[in-house]
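Reader: I work at the bench and would like to go through this chain with you one question at a time. Could you please show the sequence and the structure before we begin?

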Amino acid sequence: MRSTDDDTSSLLRLAGLATPMALRVAVTLGLPNRLRHAASADVLAEELHVNAVALGLLLEHLATLGVVERVDDGFRTTTYGTNLCDDTLITTLLHLDTAGGRAELAFVELAHSIATGEAAYPRRYGTDFWADLAEHPHLRESFDRQMSLRIRAQLPHLVAGFDWSRFASLVDVGGGNGEVLAAILAAHPRVSGHLIDLDSAAARTTFRAHDLAERTQVTAGSFFDPLPPGADAYLLVDILHNWADEHAARILARCAEAAGPTGRVLVVEHVADRGTNTEINLSMLTMFSGRDRRLAELQALAAPHGLALDRAVDLTAERSLLEFRRAAG
Ligand SMILES: C[S@@+](CC[C@H](N)C(=O)[O-])C[C@H]1O[C@@H](n2cnc3c(N)ncnc32)[C@H](O)[C@@H]1O
(Lines give C-alpha, C1' and ligand atoms only; values in the text may rest on other atoms or scores of the structure.)
Protein backbone atom coordinates (compact mmCIF):
# COMPACT_ATOMS: atom_id res chain seq x y z
CA MET A 1 0.00 0.00 0.00
CA ARG A 2 1.27 3.51 -0.84
CA SER A 3 2.07 5.67 2.13
CA THR A 4 0.77 9.21 2.44
CA ASP A 5 4.39 10.38 2.12
CA ASP A 6 4.69 8.60 -1.25
CA ASP A 7 1.48 10.20 -2.43
CA THR A 8 2.59 13.62 -1.28
CA SER A 9 5.93 13.39 -3.04
CA SER A 10 4.39 12.04 -6.22
CA LEU A 11 1.86 14.90 -6.26
CA LEU A 12 4.60 17.44 -5.61
CA ARG A 13 6.63 15.95 -8.46
CA LEU A 14 3.61 16.24 -10.77
CA ALA A 15 2.83 19.78 -9.68
CA GLY A 16 6.34 21.20 -9.50
CA LEU A 17 7.24 23.68 -12.21
CA ALA A 18 11.01 23.25 -11.80
CA THR A 19 11.34 20.21 -14.07
CA PRO A 20 9.15 21.38 -17.00
CA MET A 21 10.88 24.76 -16.96
CA ALA A 22 14.36 23.19 -16.67
CA LEU A 23 13.68 21.06 -19.76
CA ARG A 24 12.34 24.07 -21.69
CA VAL A 25 15.27 26.29 -20.76
CA ALA A 26 17.68 23.48 -21.67
CA VAL A 27 16.13 23.21 -25.14
CA THR A 28 16.02 26.99 -25.55
CA LEU A 29 19.72 27.23 -24.72
CA GLY A 30 20.48 24.28 -27.03
CA LEU A 31 22.14 22.35 -24.18
CA PRO A 32 21.29 18.82 -25.39
CA ASN A 33 22.82 19.55 -28.81
CA ARG A 34 25.86 21.31 -27.41
CA LEU A 35 26.51 18.60 -24.83
CA ARG A 36 26.82 15.86 -27.41
CA HIS A 37 30.45 16.81 -26.69
CA ALA A 38 31.06 17.08 -22.97
CA ALA A 39 31.73 20.47 -21.41
CA SER A 40 31.91 21.96 -17.94
CA ALA A 41 29.36 24.44 -16.61
CA ASP A 42 32.02 27.17 -16.63
CA VAL A 43 32.99 26.67 -20.26
CA LEU A 44 29.36 26.44 -21.35
CA ALA A 45 28.38 29.52 -19.37
CA GLU A 46 31.03 31.53 -21.14
CA GLU A 47 29.90 30.28 -24.55
CA LEU A 48 26.25 30.99 -23.83
CA HIS A 49 26.76 34.25 -21.89
CA VAL A 50 24.85 32.98 -18.86
CA ASN A 51 25.63 32.73 -15.17
CA ALA A 52 27.97 29.81 -14.45
CA VAL A 53 26.64 28.99 -10.97
CA ALA A 54 23.03 29.05 -12.17
CA LEU A 55 23.85 26.96 -15.22
CA GLY A 56 25.54 24.43 -12.96
CA LEU A 57 22.31 24.13 -10.94
CA LEU A 58 20.34 23.58 -14.12
CA LEU A 59 22.75 20.90 -15.38
CA GLU A 60 22.66 19.11 -12.03
CA HIS A 61 18.87 18.96 -12.18
CA LEU A 62 18.97 17.77 -15.81
CA ALA A 63 21.33 15.01 -14.64
CA THR A 64 18.72 13.81 -12.12
CA LEU A 65 16.27 13.53 -15.04
CA GLY A 66 18.71 11.44 -17.08
CA VAL A 67 18.91 14.07 -19.84
CA VAL A 68 22.63 14.71 -19.24
CA GLU A 69 25.19 12.76 -17.25
CA ARG A 70 28.24 13.77 -15.27
CA VAL A 71 31.52 12.88 -16.89
CA ASP A 72 35.15 13.72 -15.97
CA ASP A 73 35.17 16.98 -17.88
CA GLY A 74 31.68 18.18 -16.96
CA PHE A 75 28.33 17.07 -18.40
CA ARG A 76 27.34 15.15 -21.53
CA THR A 77 23.96 14.48 -23.16
CA THR A 78 22.68 10.93 -22.60
CA THR A 79 20.99 8.79 -25.28
CA TYR A 80 17.67 9.75 -23.66
CA GLY A 81 18.66 13.42 -23.82
CA THR A 82 19.37 13.23 -27.56
CA ASN A 83 15.57 13.25 -28.02
CA LEU A 84 15.87 16.94 -27.15
CA CYS A 85 18.40 17.63 -29.89
CA ASP A 86 17.68 18.84 -33.43
CA ASP A 87 14.62 20.40 -34.93
CA THR A 88 11.84 17.98 -34.05
CA LEU A 89 8.24 18.35 -32.87
CA ILE A 90 9.32 18.08 -29.24
CA THR A 91 11.94 20.84 -29.50
CA THR A 92 9.47 23.03 -31.41
CA LEU A 93 7.05 22.60 -28.52
CA LEU A 94 9.57 23.16 -25.73
CA HIS A 95 11.67 26.06 -27.04
CA LEU A 96 10.51 29.17 -25.20
CA ASP A 97 10.71 31.40 -28.26
CA THR A 98 8.50 29.31 -30.53
CA ALA A 99 4.74 29.67 -30.89
CA GLY A 100 4.12 26.39 -29.04
CA GLY A 101 6.59 27.00 -26.23
CA ARG A 102 5.38 30.54 -25.67
CA ALA A 103 1.74 29.44 -25.65
CA GLU A 104 2.44 26.80 -23.01
CA LEU A 105 3.57 29.51 -20.59
CA ALA A 106 0.03 30.88 -20.64
CA PHE A 107 -0.78 27.94 -18.35
CA VAL A 108 0.31 30.13 -15.43
CA GLU A 109 -3.01 31.90 -16.04
CA LEU A 110 -5.07 28.68 -16.03
CA ALA A 111 -7.04 29.84 -12.99
CA HIS A 112 -8.34 32.75 -15.07
CA SER A 113 -9.45 30.38 -17.84
CA ILE A 114 -11.19 28.09 -15.37
CA ALA A 115 -12.96 31.02 -13.71
CA THR A 116 -14.12 32.63 -16.94
CA GLY A 117 -13.89 30.07 -19.74
CA GLU A 118 -11.74 32.61 -21.57
CA ALA A 119 -8.31 32.09 -23.11
CA ALA A 120 -5.33 32.74 -20.85
CA TYR A 121 -3.01 33.75 -23.69
CA PRO A 122 -4.29 37.35 -24.08
CA ARG A 123 -4.15 37.82 -20.34
CA ARG A 124 -0.48 36.84 -20.30
CA TYR A 125 0.64 38.50 -23.53
CA GLY A 126 -1.87 41.30 -24.03
CA THR A 127 -2.88 40.01 -27.44
CA ASP A 128 -4.49 36.90 -28.86
CA PHE A 129 -2.46 34.02 -30.24
CA TRP A 130 -3.10 34.69 -33.95
CA ALA A 131 -2.40 38.43 -33.65
CA ASP A 132 0.84 37.59 -31.83
CA LEU A 133 1.92 35.30 -34.71
CA ALA A 134 1.07 38.04 -37.22
CA GLU A 135 3.22 40.49 -35.28
CA HIS A 136 6.20 38.16 -34.86
CA PRO A 137 7.18 36.38 -38.08
CA HIS A 138 9.54 33.98 -36.28
CA LEU A 139 6.61 32.76 -34.15
CA ARG A 140 4.46 32.28 -37.26
CA GLU A 141 7.30 30.38 -38.92
CA SER A 142 7.71 28.10 -35.88
CA PHE A 143 3.93 27.52 -35.78
CA ASP A 144 3.87 26.50 -39.45
CA ARG A 145 6.77 24.13 -38.78
CA GLN A 146 4.93 22.69 -35.77
CA MET A 147 1.84 22.17 -37.94
CA SER A 148 3.93 20.29 -40.53
CA LEU A 149 5.58 18.06 -37.98
CA ARG A 150 2.31 17.23 -36.23
CA ILE A 151 0.49 16.06 -39.36
CA ARG A 152 3.09 14.78 -41.82
CA ALA A 153 2.75 11.12 -40.82
CA GLN A 154 -1.05 11.37 -40.96
CA LEU A 155 -1.29 12.91 -44.43
CA PRO A 156 -1.40 9.62 -46.37
CA HIS A 157 -4.37 8.51 -44.23
CA LEU A 158 -6.14 11.85 -44.59
CA VAL A 159 -5.78 11.57 -48.35
CA ALA A 160 -6.65 7.87 -48.69
CA GLY A 161 -9.51 7.82 -46.19
CA PHE A 162 -11.98 9.91 -48.19
CA ASP A 163 -12.96 10.25 -51.85
CA TRP A 164 -11.70 13.77 -52.55
CA SER A 165 -12.09 13.23 -56.32
CA ARG A 166 -15.85 13.84 -55.89
CA PHE A 167 -15.01 17.56 -55.81
CA ALA A 168 -13.61 19.62 -58.68
CA SER A 169 -12.98 22.60 -56.41
CA LEU A 170 -12.04 22.73 -52.76
CA VAL A 171 -11.62 25.75 -50.47
CA ASP A 172 -9.28 25.06 -47.56
CA VAL A 173 -10.52 27.45 -44.89
CA GLY A 174 -7.71 28.33 -42.47
CA GLY A 175 -5.46 26.09 -44.55
CA GLY A 176 -2.25 27.24 -42.84
CA ASN A 177 0.97 26.20 -44.56
CA GLY A 178 -0.95 24.38 -47.31
CA GLU A 179 0.51 20.93 -46.69
CA VAL A 180 -2.87 19.24 -46.24
CA LEU A 181 -4.31 20.75 -49.43
CA ALA A 182 -1.09 19.99 -51.34
CA ALA A 183 -1.29 16.32 -50.34
CA ILE A 184 -4.93 16.08 -51.48
CA LEU A 185 -4.26 17.84 -54.79
CA ALA A 186 -1.11 15.82 -55.49
CA ALA A 187 -3.21 12.65 -55.26
CA HIS A 188 -6.10 14.05 -57.33
CA PRO A 189 -4.95 15.84 -60.49
CA ARG A 190 -8.47 17.01 -61.43
CA VAL A 191 -9.15 18.84 -58.16
CA SER A 192 -8.24 22.51 -57.80
CA GLY A 193 -7.82 24.29 -54.48
CA HIS A 194 -8.21 27.72 -52.95
CA LEU A 195 -6.61 28.31 -49.56
CA ILE A 196 -7.70 31.10 -47.22
CA ASP A 197 -5.67 31.98 -44.15
CA LEU A 198 -4.57 35.07 -42.26
CA ASP A 199 -1.06 34.18 -43.39
CA SER A 200 -0.54 33.24 -47.01
CA ALA A 201 3.25 33.13 -47.40
CA ALA A 202 3.88 29.57 -46.24
CA ALA A 203 1.10 28.13 -48.43
CA ARG A 204 2.41 29.87 -51.54
CA THR A 205 5.84 28.35 -50.87
CA THR A 206 4.33 24.89 -50.33
CA PHE A 207 2.32 24.98 -53.56
CA ARG A 208 5.31 26.17 -55.58
CA ALA A 209 7.45 23.41 -54.08
CA HIS A 210 4.83 20.80 -55.04
CA ASP A 211 4.40 22.22 -58.55
CA LEU A 212 0.78 23.03 -57.74
CA ALA A 213 0.80 26.77 -58.39
CA GLU A 214 -1.44 26.39 -61.47
CA ARG A 215 -4.17 24.46 -59.65
CA THR A 216 -4.17 26.57 -56.51
CA GLN A 217 -5.10 30.01 -55.39
CA VAL A 218 -4.09 31.53 -52.07
CA THR A 219 -5.92 34.40 -50.41
CA ALA A 220 -4.78 36.18 -47.27
CA GLY A 221 -8.00 36.79 -45.41
CA SER A 222 -10.21 35.93 -42.48
CA PHE A 223 -12.75 33.14 -42.30
CA PHE A 224 -15.01 35.49 -40.38
CA ASP A 225 -15.45 37.42 -43.64
CA PRO A 226 -17.36 36.09 -46.66
CA LEU A 227 -15.55 33.15 -48.29
CA PRO A 228 -15.18 32.64 -52.06
CA PRO A 229 -18.58 31.26 -53.08
CA GLY A 230 -19.55 28.34 -55.29
CA ALA A 231 -16.81 25.75 -54.61
CA ASP A 232 -17.81 22.10 -54.31
CA ALA A 233 -16.49 21.75 -50.78
CA TYR A 234 -15.18 23.86 -47.88
CA LEU A 235 -12.59 22.17 -45.71
CA LEU A 236 -11.85 22.98 -42.05
CA VAL A 237 -8.88 20.99 -40.72
CA ASP A 238 -8.20 21.45 -36.99
CA ILE A 239 -9.97 24.81 -36.99
CA LEU A 240 -13.14 24.58 -34.90
CA HIS A 241 -11.38 23.29 -31.76
CA ASN A 242 -9.39 26.56 -31.72
CA TRP A 243 -12.53 28.56 -31.06
CA ALA A 244 -15.26 29.01 -28.48
CA ASP A 245 -18.78 28.07 -29.58
CA GLU A 246 -19.82 31.51 -30.78
CA HIS A 247 -16.81 31.87 -33.10
CA ALA A 248 -16.86 28.25 -34.26
CA ALA A 249 -20.51 28.74 -35.26
CA ARG A 250 -19.63 31.90 -37.21
CA ILE A 251 -16.93 30.01 -39.15
CA LEU A 252 -19.44 27.29 -40.02
CA ALA A 253 -21.94 29.97 -41.04
CA ARG A 254 -19.40 31.49 -43.47
CA CYS A 255 -18.74 28.05 -44.96
CA ALA A 256 -22.47 27.30 -45.30
CA GLU A 257 -23.12 30.67 -46.91
CA ALA A 258 -20.33 30.18 -49.48
CA ALA A 259 -21.18 26.51 -50.13
CA GLY A 260 -24.73 27.39 -51.14
CA PRO A 261 -27.35 24.70 -51.66
CA THR A 262 -25.07 22.13 -53.30
CA GLY A 263 -21.62 22.58 -51.73
CA ARG A 264 -20.36 20.49 -48.84
CA VAL A 265 -18.66 21.51 -45.61
CA LEU A 266 -15.98 19.07 -44.45
CA VAL A 267 -14.80 19.27 -40.84
CA VAL A 268 -11.64 17.32 -40.07
CA GLU A 269 -10.57 17.18 -36.43
CA HIS A 270 -10.60 15.07 -33.32
CA VAL A 271 -14.13 14.19 -32.26
CA ALA A 272 -14.33 13.82 -28.49
CA ASP A 273 -16.63 10.77 -28.68
CA ARG A 274 -13.51 8.81 -29.68
CA GLY A 275 -11.74 9.69 -26.43
CA THR A 276 -10.63 12.87 -24.81
CA ASN A 277 -7.06 14.11 -24.65
CA THR A 278 -7.44 16.11 -21.47
CA GLU A 279 -4.07 17.87 -21.83
CA ILE A 280 -4.86 19.04 -25.35
CA ASN A 281 -8.24 20.28 -24.18
CA LEU A 282 -6.64 22.37 -21.44
CA SER A 283 -4.16 23.74 -24.00
CA MET A 284 -7.00 24.65 -26.37
CA LEU A 285 -8.74 26.36 -23.45
CA THR A 286 -5.75 28.42 -22.32
CA MET A 287 -4.67 29.33 -25.84
CA PHE A 288 -8.01 29.96 -27.48
CA SER A 289 -10.97 29.23 -25.22
CA GLY A 290 -11.46 26.23 -27.50
CA ARG A 291 -11.83 22.46 -27.00
CA ASP A 292 -12.39 19.20 -28.84
CA ARG A 293 -16.15 18.70 -29.21
CA ARG A 294 -18.38 15.68 -29.32
CA LEU A 295 -20.19 14.81 -32.54
CA ALA A 296 -23.52 16.01 -31.16
CA GLU A 297 -21.96 19.34 -30.16
CA LEU A 298 -20.56 19.86 -33.66
CA GLN A 299 -23.94 19.00 -35.17
CA ALA A 300 -25.62 21.47 -32.83
CA LEU A 301 -23.20 24.22 -33.91
CA ALA A 302 -23.80 23.48 -37.60
CA ALA A 303 -27.58 23.00 -37.56
CA PRO A 304 -28.65 26.67 -37.17
CA HIS A 305 -26.73 27.39 -40.38
CA GLY A 306 -28.67 24.79 -42.34
CA LEU A 307 -25.93 22.16 -42.19
CA ALA A 308 -26.87 18.53 -41.60
CA LEU A 309 -24.37 15.73 -41.05
CA ASP A 310 -24.25 13.41 -44.05
CA ARG A 311 -21.46 11.09 -42.96
CA ALA A 312 -18.62 10.72 -40.46
CA VAL A 313 -15.44 8.86 -41.41
CA ASP A 314 -12.54 8.05 -39.09
CA LEU A 315 -9.41 9.01 -41.03
CA THR A 316 -6.80 8.26 -38.36
CA ALA A 317 -6.83 7.39 -34.68
CA GLU A 318 -6.85 11.14 -33.99
CA ARG A 319 -8.96 12.69 -36.71
CA SER A 320 -12.41 12.15 -38.18
CA LEU A 321 -14.00 13.76 -41.21
CA LEU A 322 -17.56 15.04 -40.86
CA GLU A 323 -19.32 15.80 -44.13
CA PHE A 324 -22.13 18.34 -43.83
CA ARG A 325 -24.61 19.24 -46.54
CA ARG A 326 -27.39 21.80 -46.65
CA ALA A 327 -30.45 20.35 -44.95
CA ALA A 328 -33.49 20.12 -47.20
CA GLY A 329 -36.14 22.79 -46.73
C1 LIG B 1 -4.40 24.81 -36.19
S2 LIG B 1 -3.99 25.69 -37.64
C3 LIG B 1 -4.54 24.56 -38.87
C4 LIG B 1 -3.96 24.84 -40.22
C5 LIG B 1 -4.34 23.85 -41.31
N6 LIG B 1 -5.78 23.73 -41.48
C7 LIG B 1 -3.75 22.50 -41.01
O8 LIG B 1 -4.49 21.58 -40.64
O9 LIG B 1 -2.52 22.38 -41.10
C10 LIG B 1 -5.24 26.96 -37.68
C11 LIG B 1 -5.07 27.95 -38.80
O12 LIG B 1 -6.15 28.89 -38.71
C13 LIG B 1 -5.65 30.13 -39.18
N14 LIG B 1 -6.52 31.22 -38.72
C15 LIG B 1 -6.68 31.70 -37.46
N16 LIG B 1 -7.59 32.70 -37.45
C17 LIG B 1 -7.99 32.86 -38.73
C18 LIG B 1 -8.91 33.73 -39.37
N19 LIG B 1 -9.62 34.64 -38.67
N20 LIG B 1 -9.10 33.61 -40.70
C21 LIG B 1 -8.40 32.69 -41.41
N22 LIG B 1 -7.50 31.83 -40.87
C23 LIG B 1 -7.31 31.92 -39.54
C24 LIG B 1 -4.26 30.20 -38.61
O25 LIG B 1 -3.46 31.16 -39.26
C26 LIG B 1 -3.79 28.75 -38.79
O27 LIG B 1 -3.09 28.60 -39.97
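Reader: Of the contacts in the chain with a separation of 6 or more, what percentage is accounted for by residues 24 or more positions apart?

Author: Two residues are in contact here if their C-beta atoms, placed from the backbone, lie within 7 Å. The model is a predicted one, in which local features need pLDDT of at least 70 and side-chain atom pairs count only at pLDDT 80 or more, while totals for chains, interfaces and linings use all residues. Residues are numbered from 1 along each chain as its sequence is written. Among contacts with a separation of 6 or more, the share from residues 24 or more positions apart is 60%.

Reader: How many helices and strands does the chain have?

Author: Helices (H or I, at least four residues) and strands (E, at least two) are DSSP runs, numbered from the N terminus. The C-alpha trace that carries them spans about 75 × 50 × 40 Å along its principal axes. Counted in this way, the chain has 17 helices and nine strands.

Reader: In what order do the strands of the open sheet lie?

Author: Two strands pair if DSSP finds at least two bridges between them, and the pairing in this open sheet is mixed. The seven strands that form the sheet follow the order 5-4-3-6-7-9-8.

Reader: Why is one side of strand 5 and of strand 8 left without a neighbour in the sheet?

Author: Strand 5 (216-220) and strand 8 (307-314) stand at the edges of the sheet. One side of each is left without a neighbour in the sheet because each has a single partner strand.

Reader: By how many degrees are neighbouring strands of this sheet turned against each other on average?

Author: Axes are lines fitted to C-alpha atoms, for helices over the stretch in contact, and angles run from 0 to 180 degrees between N-to-C directions. For neighbouring strands of this sheet direction is ignored, and the average turn is 20 degrees.

Reader: Which helix packs on the sheet and touches strand 7, strand 8 and strand 9?

Author: The direction of this helix makes about 150 degrees with that of strand 8. Strand 8 and strand 9 themselves form a hairpin with five residues between them, and seven bridges join the two in the antiparallel sense. The helix that packs on the sheet there is helix 17 (residues 295-302).

Reader: Which residue of strand 7 is the bridge partner of V237?

Author: Strand 6 (residues 233-237) pairs with strand 7 (residues 264-269) in the parallel sense over five bridges, and strand 3 (residues 169-173) also pairs with strand 6 in the parallel sense, over three bridges. In strand 7, L236 has V267 opposite, while the bridge partner of V237 is V268.

Reader: How many residues of strand 6 are buried?

Author: A residue is buried if 20 or more other C-beta atoms lie within 10 Å of its own, exposed if 12 or fewer, and partly exposed in between, with C-beta atoms placed from the backbone. Both faces of strand 6 are covered, with A233, L235 and V237 on one side and Y234 and L236 on the other. The number of buried residues in strand 6 is therefore five of five.Reader: Why is helix 13 (residues 179-187) described as largely enclosed by the rest of the structure?

Author: Among the buried residues of helix 13 are E179, V180 and L181. Helix 13 is largely enclosed because, of its nine residues, the number buried is seven.

Reader: Which residues come nearest to the ligand?

Author: A residue is near a molecule or strand if its C-beta atom, placed from the backbone, lies within 6 Å of it, and 18 residues are found around the ligand. The elements that give two or more residues to this shell are helix 11 (137-151) and strand 4 (192-197). Those that come nearest are G174, G176, S222, F223 and V237.

Reader: How do the residues of the shell around the ligand divide into nonpolar, polar and charged?

Author: Ala, Val, Leu, Ile, Met, Phe, Trp, Tyr, Cys and Pro count as nonpolar, Asp, Glu, Lys and Arg as charged, and the others, Gly among them, as polar. On that basis the shell holds 10 nonpolar, five polar and three charged residues.

Reader: What distance separates the centres of domain 2 and domain 3?

Author: Domain bounds come from an automatic or database domain assignment, which gives domain 2 as 90-148 and domain 3 as 152-272 + 290-326. Taken over C-alpha atoms, the distance between the two centres is 23 Å.

Reader: Which helix gives the most to the side of domain 2 that touches domain 3?

Author: The contact takes six residues from domain 2 and seven residues from domain 3. On the side of domain 2, helix 10 (129-135) and helix 11 each supply at least two residues. The helix that gives the most, with four residues, is helix 11.
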